[in-house]
Amino acid sequence: TTATATAVIDLDIEGPTISRHIYGHFAEHLGRCIYGGFWVGEDSPIPHEGGIRLDVVRALRALEIPNLRWPGGCFADEYHWKDGIGPRDQRPRMVNTHWGNVEENNHFGTHEFMALCELLGAEPYISGNVGSGTVQEMSEWVEYLTRDGDSPMVRLRKANGREEPWRVKFWGIGNETWGCGGNMRAEYSADLARQYATYCRDHGDNKLYRIASGANGDDYKWTETLMQQISCFGCEATPRTFFQGITVHHYTLSGPWEAKGSATVFDTDDYYRTMLSARKIDRILTGHSTVMDMYDPRRTVGLVLDEWGTWWDVEPGTNPGFLFQQNTLRDALVASTHFDIFHRHASRLYMANIAQTVNVLQAMLLTDGDALVLTPTYHVFEMNKGHQDATSLDVHLRTDDTRRLVGDAELVTLSASASVKDGTVLVSLTNLDAEKPVEVTLDLRGGSIGEPTARLLTADRLQAHNTPEASAAVAPLSFDGLKVTDPGLVLTLPPHSFLTVQAPLS
Ligand code: AHR
């Protein structure tokens, strides 16, 4: 049987802008994300520029990635930036105690990261060390990167070969201070965020967007504690903001933390439980936004979901501390569902960073020696890139048979969002049902469209994934099943599929 649904889209009622930064990325010194992923070193036979892998850069440029968060994660709170500058062979070494207990040679440091961002055309998002660092260390890092003229840190930067200051906007003040970043209480962490933020100065016209370490999942109390620092409740004056954004992290699992399961070997029940967990992000963002609205009704402080994505068992035979996992069609549908939810939260959600870009967790890219694989998740980012900085449009779904019970919870199996940018409408649709197709009528009101085109991402199995040998097992194809009708368009989404429709406004 085929389910039916109608998506009503008002083309002339414009919602908030979808910040391009919700399509952000994350690169930690973890497993093979930096070393082997982004960085191969200047002596590598793999094509590179100054040690940075060029196939990776090319693939990410095609996604127009807006920002890249670095150096962690948990690693950020044991990273001392001065170990990562100067001649590489003289840089001190350390042990990466969080991830695999391996030695870190610090060959990829501040200059290498900034060069990477320049190659990618992405804004840097640097996560500073609160857990084991000092206020002075963080303050000097900001000075080193962004100050012009003459000062001790500027002289050090110039001695290391960089004359001009860089522009850095996004600055993280600690990571997961409730856990690996120091096991702090919310009150203590909030005080430290105020203190560190004070000494992260705006040098010249480089204005920092300071991001305080926020809640784990649905810990709304943590958010409230942070928000109490920024303004007085009910106060009409412009809130005094020590920080401009606060974080939240949520990972998608199919069961308990202790039994995450395989990335590629799973059944339909696991799949539906995964989708329930993915959908939970809607409740989490709503909860944090509601708390933030009480203290910041003008929505000047951004919510920053700077870690999200699926977390499975590592691939058999790989280092358990390296978090290397395959990526299937299931992961792609987790991502597309997240983006629909993100678009609906555009008025508060300023940034989101999937964990992590290469070879770690829900990656865009997997490398194997000199081979590079684009994952199904990569294709969702590519197909959705037109939503970046677009004006969101409300989508109202009328549907009776796109729901199913998963345990005692209800899962809505159709997901959608839409936006308009530069006179082009982009509609994203996901059918989460593992067996049933759904016929969707796009009821477009308040305007009309020209010739539409569509692309489809699906596969015969949920477990389908890409490898160096079969690199296009899951890849977008153009879709020719669009029927132009009176209210708009009619199309049938196959089971477990993601589809985008694009059309000029006429
Ligand atoms: O992304 C992997 C880890 O997950 C990050 O280092 C940490 O912040 C989170 O717990």
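This report walks through the fold of one chain, from its overall dimensions down to two of its residues.

**The chain as a whole**

The structure is a predicted model, so it helps to begin with confidence: the mean pLDDT is 96, and 98% of the residues reach 70 or more. One stretch to treat with care is residues 232-236, where the pLDDT is below 50. Beyond near neighbours in sequence, that stretch has three contacts in the model.

The chain contains nine helices and 26 strands. Along the principal axes, its C-alpha atoms fill a box of roughly 70 × 60 × 45 Å. How does the radius of gyration fit a compact globule? For 506 residues such a globule would have a value near 23 Å, and the chain has 23 Å, so the two agree.

Contacts and surface add to this picture. Among contacts with a separation of 6 or more, 77% are between residues 24 or more positions apart. Buried residues make up 60% of the 506 residues. The accessible surface comes to about 19400 Å², and carbon and sulfur atoms account for 49% of that area. As for charge, the chain carries 44 positive and 66 negative charges, and the mean positions of the two sets are 4 Å apart.

**Helix H9 and Glu 382**

Helix H9 spans residues 376-383. Is this helix enclosed or open, and why? Eight of its eight residues are buried, so H9 is largely enclosed by the rest of the structure. Among these buried residues are Pro 376, Tyr 378, His 379 and Phe 381.

Glu 382 also lies in H9. With the cut-off for buried at under 20%, Glu 382 counts as buried because its relative accessibility is 18%. Leaving aside residues up to four places away in sequence, Glu 382 touches Ala 62, Leu 63 and Arg 455.

**Strand E6 and Val 95**

Val 95 sits in strand E6, which covers residues 94-96. Its relative accessibility is 41%, so Val 95 counts as partly exposed. Outside the residues up to four places away in sequence, Val 95 touches Glu 78, Asn 101 and Val 102. The pair Val 95 and Glu 78 is 17 residues apart in sequence, with a C-alpha to C-alpha distance of 9.4 Å.

Here are the two residues side by side:

| Residue | Relative accessibility | Class |
|---|---|---|
| Glu 382 | 18% | buried |
| Val 95 | 41% | partly exposed |

Terms used:
Residues numbered from 1 in each chain as written. Predicted model: local features only at pLDDT ≥ 70, side-chain atom pairs only at ≥ 80, totals over all residues. Heavy atoms only, no water. Helix = DSSP H or I, 4+ residues; strand = E, 2+ residues; numbered from the N terminus. Rg over C-alpha atoms; globule rule 2.2 N^0.38 Å. Buried < 20%, exposed > 50% of the residue type's maximum accessible area, 1.4 Å probe, protein only. Contact = heavy atoms within 4.5 Å. Areas by Shrake-Rupley, 256 points an atom, 1.4 Å probe, with all protein chains shown as cover. Lys, Arg positive; Asp, Glu negative; His and termini not counted. Charge placed at Lys NZ, Arg CZ, Asp CG, Glu CD. pLDDT = per-residue confidence, 0-100.
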